[in-house]
Amino acid sequence: MGGFGTSRPASVALCAFLTFLNLFAFLLAVGAERRRSTGKVVPDEYDERSYCLYDTDASTVYGVSAFFVLLLQQAIVTAATRCLCFGPVLSSRGCAVTAFVLSWITFLIAEACLIGGSVRNAKHTKYLGYYMKHDLVSCATLRKGVFAAAAAMMIINLLASLVYYWSYSKAATGGFMKHQNEVGVGMTDYGLDKGVSGP
């Protein structure tokens with residue numbers, strides 16, 4: 001029982017750390033959505049052409065930062081659970097496998113939105129579109145909702161990762177200790193019976 005008692009606080013601490021990383025990435029994604037670069041048509045003072053002048057590139061920085069924070073969170077979950085390929089047999093394997101698959105699907109979708117949105121936002125920010133003055137009406141910008149979709153996937157990923165990790169942790173500690181105690185009780189009973197029936 002002592003092993004289970006010492007491993008449980010570590011599981012809670014790791015769950016708290018994973019939650020912190022995921023929520024931090026979520027805030028960065030929300031910041032990226034709010035700070036998407038916008039452009040305005042500016043006439044060139046030297047000729048009859050015009051170009052797009054974009055503002056801050058903060059959205060790209062936020063998006064890339066969220067990408068790596070979420071990647072770190074997923075790497076920690078994978079390392080802690082040995083990617084569900086090694087370790088003890090899970091008592092509730094169906095729930096754990098479902099959470100495992102959902103965790104990876106939402107992770108990949110979120111990462112694709114983050115890196116795709118960051119690249120497109122950076123491209124628009126650094127791009128100078130020269131056209132004839134009467135042809136350039138508006139400037140291309142990143143579509144609204146890309147980083148917001150990533151943030152939504154992060155919340156689902158957090159819930160799935162916690163369920164997946166907790167299922168694995170329960171099998172690795174509580175399930176094993178329970179089985180070990182049952183074996184110990186059986187051997188004790190056998191010993192007592194043997195001692196009584198011997199004389």
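This talk walks through one protein model, from its overall layout to a few single residues.

Good morning, everyone, and please keep in mind from the start that what we are looking at is a predicted model. I will begin with the overall layout, where the protein has four helices and three strands, and where the elements, read from the N terminus on, follow the order α-β-β-α-α-β-α. The chain has 199 residues, of which 35% are buried. The surface that the protein exposes comes to about 11700 Å², and carbon and sulfur atoms supply 69% of that area. If we take the contacts with a sequence separation of 6 or more, then 84% of them are between residues 24 or more positions apart.

Let me turn to the record for a moment. The UniProt entry, which is unreviewed, carries the annotation "transmembrane region" for residues 12-32, 61-85, 97-119 and 146-168. In the model, the span 12-32 is 100% helix and 0% strand, and its end C-alpha atoms lie 30 Å apart. The span 146-168 is likewise 100% helix and 0% strand, with 33 Å between its end C-alpha atoms.

Now to the inside of the protein. Which residues have the most contacts inside the largest nonpolar core? They are L70, L114 and M154, in a core that has 24 residues. The helices α1 (2-34), α2 (58-81), α3 (93-126) and α4 (146-197) each supply at least two residues of this core. If we follow L70 and set aside residues up to four places away in sequence, we find that L70 touches N22, A25, F107, A110, E111, M154 and N157.

One place before L70 is V69, which is found in helix α2. Is V69 buried or exposed? The relative accessible area of V69 is 13%, which is under the 20% limit, so V69 counts as buried. Leaving aside neighbours within four places in sequence, V69 is in contact with L21, F24, A25 and L28. With F24 in particular, V69 is 45 residues apart along the chain, yet the C-alpha atoms of the two are separated by 7.6 Å.

Let us look next at the cysteines, beginning with C15, which is found in helix α1. C15 is buried, with a relative accessible area of 12%, and apart from residues up to four places away in sequence it touches L162, Y165 and W166. C15 and V163 are 148 residues apart in sequence, and from C-alpha to C-alpha they are 9.9 Å apart in space. Another cysteine, C113, counts as buried too, at 18% relative accessibility. A disulfide, in general, is a covalent bond between the sulfur atoms of two cysteines. How many disulfides does a search of the whole structure find? The search finds zero.

Close in sequence to V163 is Y164, which has its place in helix α4. Y164 is buried, with a relative accessible area of 2%. Its C-alpha atom is 8.2 Å from that of T98, although the two residues are 66 residues apart in sequence.

Charged side chains deserve a word as well. Side chains of opposite charge can pair when their charged atoms come close. The structure holds one salt bridge, and this is formed by E33 with R36, whose closest N and O atoms are 3.5 Å apart. E33 counts as buried, because its relative accessibility of 13% falls under 20%.

My last residue is T38, which is found in the loop between α1 and β1 (39-43). Why does T38 count as partly exposed? The relative accessibility of T38 is 45%, and the label of partly exposed applies because this value lies between the 20% and 50% limits. When neighbours within four places in sequence are left aside, T38 is in contact with L53, Y54, D55 and T141. T38 and C52 are 14 residues apart in sequence and, C-alpha to C-alpha, 9.4 Å apart in space.

To gather the picture together, this predicted model has a largest nonpolar core of 24 residues, to which α1, α2, α3 and α4 each supply at least two. Around that, we have met buried residues such as V69, C15 and Y164, and a partly exposed one, T38, in a loop. Thank you for listening.

Notes: Residues numbered from 1 in each chain as written. Predicted model: local features only at pLDDT ≥ 70, side-chain atom pairs only at ≥ 80, totals over all residues. Heavy atoms only, no water. Core = buried A, V, L, I, M, F, W, Y, C linked by side-chain atoms within 4.5 Å. Buried < 20%, exposed > 50% of the residue type's maximum accessible area, 1.4 Å probe, protein only. Contact = heavy atoms within 4.5 Å. UniProt positions renumbered as here; feature names shortened; annotations may be inferred. Disulfide = S-S within 2.5 Å. Areas by Shrake-Rupley, 256 points an atom, 1.4 Å probe, with all protein chains shown as cover. Salt bridge = Lys/Arg side-chain N within 4 Å of Asp/Glu carboxyl O.
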